[in-house]
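Notebook open, coffee poured. Today I go through one chain, starting with the overall picture and then looking up a few spots that caught my eye.

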Amino acid sequence: MMRTYSLMVLLWSCVFHVIHVMPFQKRTNKHSHSERITGLSENSGKTLHRTKRGWMWNQFFLLEEYTGPDTQYVGKLHTDQDKGDGNLKYILTGDGAGSLFIIDENTGDIHAAKKLDREEKSLYVLRAKAIDRKTGRQVEPESEFIIKIHDINDNEPKFTKDTYIASIPEMSGVGTSVIQVTATDADDANYGNSAKVVYSILQGQPYFSVDPETGIIKTALPDMSRENREQYQVVIQAKDMGGQMGGLSGTTTVNITLTDVNNNPPHFPQSTYQFSSPESAPPGTPVGRIKANDPDVGENAEIEYSISNGDGSDMFDIVTDKDTQEGIITVKKHLDFENKLLYTLRVEATNTHPDPRFLQLGPFRDTAFVKISVEDIDEPPVFSRPWYLIEVDEDAKEGNIIGQVVAQDPDITKNAIKYSVDRHTDLDRIFNIYSGNGSLFISKPLDREETPWHNITVIATEINNPRQSTQIPVFIRILDINDHAPEFAKYYETFVCENAKAGQLIQTVSAVDKDDPPRGHKFFFELVPEFAVHPNFSIVDNKDNTAGIMTRRNGYSRSKMSTYLLPIIIFDNDYPIQSSTGTLTIRVCACDSWGNMQSCNAEALLLPAGLSTGAFVAILLCIIILLVLVVLFTALKRQRKKEPLIISKDDVRDNIVTYNDEGGGEEDTEAFDIGTLRNPEAREESRMRRDVIPETIFQIRQTAPLWENIDVQDFIHRRLKENDSDPAAPPYDSLATYAYEGNDSIANSLSSLESLTTEGNQDYDYLSDWGPRFKKLADMYGGEDSD
């Protein structure tokens with residue numbers, strides 16, 4: 001209060017002084033104020049007076065954060081135009097006018113209405129003017145003035161972060177920089193020591209220290225180990241006023257982590273490990289896990305395991321589990337309890353990323369011994385070979401032994417074994433095996449041309465324990481023997497020109513053989529002995545499995561012989577020699593002068609020379625149309641002659657009545673007489689068929705008389721043979737139907753046609769016992785009043 005009061009007295013004294021010494025001082029207003037000169041000229045004889053006006057003040061200063069009971073007095077505005085009679089009015093505008101700064105419009109006194117903060121605003125620019133209350137005009141031009149806020153130490157230092165996170169490798173030397181912290185003070189750095197910050201450490205000694213001016217945190221102890229302590233919390237203080245008593249302060253926390261370096265070698269917790277494995281374990285089966293401890297972390301703790309020595313280094317292997325850093329011991333080869341019971345391994349664990357700075361601490365590896373015992377189990381039989389190959393001739397007889405497979409029980413007990421063939425691999429059951437000794441033999445004939453290889457599977461099973469079995473593949477190769485004769489490679493369409501010359505090649509033939517001789521095929525061609533000297537053609541063997549057909553005379557005639565058949569014998573050279581006869585059909589054709597075939601049909605000679613192919617086709621079409629019309633006319637005529645099967649119930653005839661629309665029924669009586677079948681001698685008479693119109697160009701056949709009591713079936717076959725061999729048979733299809741039921745029918749004949757050869761009435765009452773299907777027949781033949 002005293003300091004503020006003295007300042008105000010000083011301000012007022014200055015103002016007062018300015019007012020009274022104005023003629024000797026320069027005015028502080030920015031604007032150039034005009035001087036009004038009044039008076040008379042020298043001729044008037046009056047004295048001239050000059051009136052001077054202007055604002056009188058200096059720059060104002062104000063302390064921040066004023067907490068007094070009254071408003072803080074800033075200063076006073078005054079103009080030399082103010083006579084103290086209250087005619088002038090002072091007005092204040094600009095930064096904070098009316099809210100922060102209030103002016104007494106009568107006296108010009110300025111007060112601060114609120115508490116001010118320099119950190120929010122340190123400078124205020126205001127404008128003042130004085131106006132005449134009566135006229136409302138300004139008596140002085142508007143002028144600016146400045147109010148500056150003086151700083152006090154009211155802000156403590158603040159760090160840029162509430163919490164800092166830093167890391168440093170373990171085993172770092174003293175003075176190694178960790179991190180720099182920074183604090184700022186909002187007070188005026190140009191006014192006293194309010195903004196001068198000094199750093200100090202409150203927590204974290206004796207491990208770390210801090211530079212008081214820069215805020216850099218450094219290590220204070222050597223060889224700090226992460227394995228002993230990994231996390232540190234350091235508290236740093238920043239204090240203004242240069243760290244003097246009464247200064248304000250702020251703190252921050254720094255979390256420091258020691259990062260790992262590879263300064264620890266791996267170490268096995270025990271020197272010897274023991275495991276066991278069954279002898280049936282396949283390669284790759286895990287046996288056990290071992291682990292060497294390493295206090296380091298990350299890649300510094302990565303370990304590589306290896307087998308450095310031991311009698312089991314060939315039988316076992318070890319790999320590293322990257323997730324757990326364990327060594328996994330696995331089976332490398334098949335174990336055999338009967339061969340070896342115990343194996344010893346020397347396992348070594350080594351760091352994969354050693355740090356050269358710490359190699360002097362010792363070798364970064366450790367060793368341990370692993371003992372593995374083999375457990376005996378009941379093993380399946382073992383064959384003497386992984387697979388078998390057997391060769392057998394295709395003409396081997398059934399029952400011949402073709403080979404043998406051998407298996408034995410690898411256990412000490414040596415259990416007996418039986419053999420069998422997997423029938424899924426031998427569906428045709430061509431092979432079989434003796435269960436006692438494993439000998440394979442043939443059950444069916446072999447054919448190399450059909451199946452040259454057979455792949456079967458043989459199973460060996462322990463008799464005492466059928467679950468123990470082993471399968472083995474057996475490949476059987478069928479060896480070829482010469483059991484197929486050679487034959488023509490294809491069907492040859494051979495022709496000879498009518499104008500051919502003697503010695504002319506008309507066809508080259510070749511042969512194929514299904515056999516596969518080891519030295520390859522070799523074929524020989526010759527004519528059959530009956531045609532060894534053929535008058536028309538000859539054969540020349542080319543010695544390359546082909547032969548040429550040659551002509552032996554000049555000129556051939558289609559009218560005399562249109563086709564020649566030339567039988568050729570083909571031999572092979574394997575043992576035993578096989579041969580076959582193939583017939584070559586040679587047609588005689590008309591050719592041009594260059595030997596190109598033009599026509600091979602003998603009928604072409606009978607055609608008129610001037611008849612074209614189109615005309616010939618038209619004639620054939622006309623003939624076909626006429627034949628169709630004749631057939632249709634005949635069918636319509638026969639359709640008109642049809643009569644109903646039964647006119648009335650009482651009209652019963654000695655005819656065959658067919659049900660279910662099977663056959664022609666009554667209409668078939670026109671085609672044959674059923675009585676003839678029962679009386680074969682009547683057929684010997686020359687009787688003409690009633691359903692066929694006889695033609696005069698065909699002579700009626702005379703058949704040999706048949707003996708008595710001939711069987712109907714033999715009669716039918718005899719007549720069928722005569723019709724087939726009769727050259728005078730009609731050119732159209734004629735259907736001759738013979739009804740034959742066979743011998744010894746249980747029901748006998750149901751027809752009344754046999755009434756010709758039987759006497760008396762027959763009893764048909766049994767038809768009523770045959771069910772509803774025969775009711776119609778029972779009514780027709782079983783009634784008392786039946787005709």
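Before I note any surface figure: accessible areas here come from the Shrake-Rupley method with a 1.4 Å probe. On that basis I get about 49,400 Å² for the protein chain, with 52% of it belonging to carbon and sulfur atoms. I should jot down right away that this is a predicted model.

**Entry 1, the whole chain.** I looked up the secondary structure and found five helices and 43 strands. The protein chain has 787 residues, and 33% of them count as buried. Then I checked how far apart in sequence the contacts reach. Taking contacts between residues at least 6 apart, 65% join residues at least 24 apart.

**Entry 2, Asp294.** Where does Asp294 sit? I found it in the loop between β20 (286–290) and β21 (303–310). Asp294 is buried, yet it has no salt bridge. The nearest side chain of opposite charge is Arg226, and that is 7.1 Å away. A salt bridge needs a side-chain nitrogen of Lys or Arg within 4 Å of a carboxyl oxygen, so Arg226 at 7.1 Å doesn't make the cut.

So what does the side chain of Asp294 make a polar contact with? One partner is the side chain of Asn351, at 2.9 Å. I also noted the backbone nitrogen of Asp296, which lies 3.0 Å from a polar atom of the Asp294 side chain. Skipping neighbours within four places in sequence, I listed the contacts of Asp294 as Asn264, Pro265, Pro266, Asn300, Ala301, Ile303 and Asn351. Asn351 thus turns up in the contact list as well as in the polar contact.

**Entry 3, Asp541.** Next I pulled up another aspartate, Asp541, which is found in strand β39 (residues 537–541). It is buried and has no salt bridge. Here the nearest side chain of opposite charge is Lys543, 4.8 Å away. With the salt-bridge limit at 4 Å, Lys543 therefore doesn't count either.

Which backbone nitrogens does the Asp541 side chain reach? I have the one of Phe525 at 3.1 Å and the one of Lys543 at 3.0 Å. So Lys543 comes up twice in my notes: its side chain is listed as the nearest opposite charge, and its backbone nitrogen is reached by Asp541. Beyond four places in sequence, Asp541 is in contact with Phe523, Phe524, Phe525, Thr546 and Ala547.

**Entry 4, strand β33.** Is β33 mostly covered or mostly open? Covered: eight of the 10 residues in β33 (residues 453–462) are buried. I then traced its pairings. With β30 (residues 417–421) it pairs in the antiparallel sense over five bridges, and Ile417 has Glu462 as its bridge partner. With β34 (residues 469–479) it also runs antiparallel, joined by nine bridges. There, Thr457 is partnered by Pro473. A hairpin through six residues connects β33 to β34.

**Entry 5, strand β37.** Last stop is β37 (residues 505–512), which runs antiparallel to β35 (residues 487–488) with two bridges between them. In that pair Glu487 stands opposite Val512. β37 is also joined to β40 (residues 546–551) by five bridges, again antiparallel. For Leu505, I noted Met550 in β40 as the bridge partner.

How values were computed. Residues are numbered from 1 along each chain as its sequence is written. This is a predicted model: local features need pLDDT of at least 70, side-chain atom pairs count only at pLDDT 80 or more; totals for chains, interfaces and linings use all residues. Side-chain values use heavy atoms; hydrogens and water are left out. Buried means under 20% relative accessible area, exposed over 50%, partly exposed in between (1.4 Å probe, protein chains only). Contact means heavy atoms within 4.5 Å. Lys and Arg count as positive and Asp and Glu as negative; His and the chain ends are not counted. A polar contact is a pair of N or O atoms within 3.5 Å; within protein, one must be able to donate a hydrogen and the other to accept it, and residues adjacent in sequence count only if both atoms are side-chain atoms. Two strands pair if DSSP finds at least two bridges between them.
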